[in-house]
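Hello,

Here is the structure I promised to hand over. Please open it first; my notes follow below.

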Amino acid sequence: MAVAEQQTASQVAPGAGDKSWHGIVLQTLKRNEISLVPYVPDRVLTPLISNLHADPFFTTFATAREEEAVGIVSGAWMGGRRGAVLMQTSGFATLANVLASLAVPYQIPLIMFVSERGTLGEFNYGQSLVCRTMRPVLDSLALEHHTITRLDELEFITDRSIKQAVTTQAPVALILNPLLTGGKTFDK
Amino acid sequence: MDTRNTKVMNRFDVTSRLIGKLKHEEAVIGGIGNTNFDLWAAGHRPQNFYMLGSMGLAFPIALGVALAQPDRRVFALEGDGSLLMQLGALSTIATLKPKNLIMIVMDNGIYQITGAQPTPAASVADIVAIATGSGLANSAWAADEEDFERLVEEAMSAVEPHLIAVRIDDKPGVGTTRRDPVQIRERFMHGLGVREPL
């Protein structure tokens with residue numbers, strides 16, 4: 001069903017024939033009218049970031065810190081424009097305060113994409129340690145989160161999670177696992 | 001540029017003067033603590049948003065509102081301690097150049113609400129110089145209350161973001177915002193025309 005929906009979308013949107021993980025994420029954002037995408041850069045996210053910059057539908061730009069990006073999309077939501085934040089695992093680790101003091105208590109449907117480092121071939125000990133803090137933080141605030149490992153599940157999980165975040169006015173974290181993206185390995 | 005040549009004003013007075021100038025349902029984002037306490041005390045408006053945490057994010061939140069509603073002027077009120085926590089936001093705003101965003105920094109050189117510990121703005125850090133160096137060319141100290149009002153009027157019709165820094169005294173806020181985050185957010189969205197009440 002998810003694949004069928006994606007194929008329908010691909011007939012109307014230019015570039016939608018892209019079945020890469022980043023192509024599916026971009027099209028799902030667009031279909032859900034998420035047009036504001038601040039990010040803190042990440043090597044694995046680079047093709048997605050490049051394609052967002054190339055598509056005039058999106059306003060996308062780097063921020064100095066992840067919490068700054070959370071502030072921006074929270075303000076945009078209140079002003080009637082949908083956004084999502086892109087970051088890496090270590091960036092998520094800087095967000096506990098803004099999640100607990102802005103996104104959750106003010107009921108902001110904060111949509112986060114986290115490129116997962118620290119597992120499945122990590123070469124930096126610090127990254128592997130900080131990765132272990134991510135899910136406990138999400139769980140401690142009872143936040144919805146999904147770890148996406150399969151390309152054939154990506155569109156379904158992403159599309160449904162965005163819709164759930166908006167309708168329940170609650171944040172969601174979509175964790176892009178190396179099984180999906182290839183991750184970052186020592187020889188890259 | 002020398003901040004010591006500027007008059008030391010009062011946050012509640014300056015905030016009240018700003019609110020008095022708003023005639024077009026401009027949005028106002030009040031930073032954590034005394035900054036939004038005085039915004040609250042100046043009289044609640046449906047277009048006011050009050051932060052109850054997330055120190056340093058008044059400018060980013062205001063940037064988001066400004067990007068969502070480019071035809072509405074958006075003001076953000078922030079303290080010097082809060083701004084020093086999130087200086088990168090200045091260069092982000094300078095890069096995007098939203099024409100409708102006006103940043104106001106209430107600089108008392110102290111973390112007033114936590115016990116008046118000094119911030120670097122009291123001695124070595126110049127907020128306007130930092131903003132200018134971050135790429136915000138339209139940044140200025142308000143010399144006195146009349147100059148503040150003149151700078152606000154100038155920013156009202158500007159085509160680039162403006163930052164106005166105000167040296168203020170060490171007085172605490174004169175009110176206390178009602179700490180109801182969901183209601184604050186919902187009423188703000190009503191005030192911005194995004195939603196209708198149930």
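**A helix pair across two chains**

Helix 4 of chain A (residues 66-78) and helix 3 of chain B (residues 58-68) have axes that come within 6 Å and cross at roughly 40 degrees. Helix 4 of chain A is therefore oblique to helix 3 of chain B. The crossing of helix 4 of chain A with helix 3 of chain B is right-handed. Bear in mind that this is a predicted model.

Which residues make the contact? Helix 4 of chain A contributes A:Glu68, A:Gly71, A:Ile72, A:Val73, A:Ser74, A:Gly75, A:Ala76 and A:Met78. Helix 3 of chain B contributes B:Pro60, B:Ile61, B:Ala62, B:Leu63, B:Gly64, B:Val65, B:Leu67 and B:Ala68. By type, the residues of this contact are 11 nonpolar, four polar and one charged.

**Chain A as a whole**

Now the chain that carries helix 4. Chain A has nine helices and seven strands. Its C-alpha trace spans about 45 × 45 × 30 Å along the principal axes.

How does the radius of gyration of chain A stand against that of a compact globule? Chain A has 15 Å, and a compact globule of 188 residues would have a value near 16 Å, so the two agree.

Two further values for chain A. Buried residues account for 47% of its 188 residues. Of the contacts in chain A with a separation of 6 or more, 72% join residues 24 or more positions apart.

Over to you.

Note on methods
Residues are numbered from 1 along each chain as its sequence is written. Chains are lettered from A and ligands numbered from 1 in the order in which they are written. This is a predicted model: local features need pLDDT of at least 70, side-chain atom pairs count only at pLDDT 80 or more; totals for chains, interfaces and linings use all residues. Axes are lines fitted to C-alpha atoms, for helices over the stretch in contact, and angles run from 0 to 180 degrees between N-to-C directions. Helices (H or I, at least four residues) and strands (E, at least two) are DSSP runs, numbered from the N terminus. Angles under 35 degrees count as roughly parallel, over 145 as roughly antiparallel, 65 to 115 as roughly perpendicular and the rest as oblique. A crossing is left-handed if the near helix is turned anticlockwise from the far one by less than a right angle, and right-handed if clockwise. Two residues are in contact if their C-beta atoms, placed from the backbone, lie within 7 Å. Ala, Val, Leu, Ile, Met, Phe, Trp, Tyr, Cys and Pro count as nonpolar, Asp, Glu, Lys and Arg as charged, and the others, Gly among them, as polar. The radius of gyration is taken over C-alpha atoms; the globule rule is 2.2 Å times the number of residues to the power 0.38. A residue is buried if 20 or more other C-beta atoms lie within 10 Å of its own, exposed if 12 or fewer, and partly exposed in between; C-beta atoms are placed from the backbone.
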